Amino acid sequence: KLVPDLVCIASTSGYLMKINKAWTATLGFTEEELLSEPLENFIHPDDIEPTRHEVARQIGGNSTINFINRYRTQEGSYKWLEWNATPMAGRSLLYAVARDITERRQAEDERRKLQNQLQQAQKMEAIGTLAGGIAHDFNNILGAIIGYAEMAQEDCPPGSVAGDDIRQVLIAGNRAKDLVQQILAFSRQAEVEKISLRPALIVGESIKMLRSSLPTSIEIQ
């Protein structure tokens, strides 16, 4: 039965001296290819310097050398290997055993990705809750503004300057009211009614909102 772990004797100068069959089974290279080239030719470029540093740091001690790096396969992909190495023969050689932990690393990466997605979803939910609370309060303020503006408009003579000014207040107030409804819809705290509409009007309103937050050097067509 084939031993799944990669077992080898390697020189501290960076060459494999002896390997078991798990090397060829795991990486896909022939034994001749693996023994004839420096180990660094198979290590992921980002892992070469950390591997050098870790081996040099630990080789002076008496304990087992432990590190993780990636090795290139014959197909061009990379395998994650977890190493345990022990100095031997006057510390010029290393007896090393590596375990293929690629599946474990991939599972950890996938778990991290899912955790990040969950955290992002929780952030969006918190933002939505905050936006909904602010929108409700703002809606109450707008109700007072629009209500008093409507009463004031009734007291203004037709065609008066004050009446025209109040009409602009009502137009702006109703725009703000629509904006609040959009915020509530974003926070999912209001039911959304689906209606037919003219996209050009929505685009026009959106541009007005965008214009205030974009640099004047940006032209919108």
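## Tour of the sheet and its helices

Select helix 4 (residues 102-155): helix 4 lies across strand 3, strand 4 and strand 5, at about 125° to strand 4. Helices (H or I, at least four residues) and strands (E, at least two) are DSSP runs, numbered from the N terminus. Contact means heavy atoms within 4.5 Å. Axes are lines fitted to C-alpha atoms, for helices over the stretch in contact; angles run from 0 to 180 degrees between N-to-C directions.

This is a predicted model, where local features need pLDDT of at least 70 and side-chain atom pairs count only at pLDDT 80 or more, while totals for chains, interfaces and linings use all residues. Residues are numbered from 1 along each chain as its sequence is written, and side-chain values use heavy atoms, without hydrogens and water.

Next, show the sheet. It is open, with five strands in the order 2-1-5-4-3 and antiparallel pairing. Two strands pair if DSSP finds at least two bridges between them. Strand 2 (16-19) and strand 3 (65-72) are the edges, each pairing on one side only. From one strand to the next, the twist averages 30°.

Zoom in on strand 3. Eight bridges join strand 3 to strand 4 (residues 78-88), and the two run antiparallel. Pick I65: opposite stands A85 in strand 4.

Now select helix 3 (residues 45-58), which holds T51. Helix 3 lies across strand 3, strand 4 and strand 5 (93-100), running at about 160° to strand 3.

Stop at T51. Is T51 buried or exposed? T51 counts as buried because its relative accessibility is 11%; buried means under 20% relative accessible area, exposed over 50%, partly exposed in between (1.4 Å probe, protein chains only). Leaving out residues up to four places away in sequence, T51 touches I43, F67 and N69.
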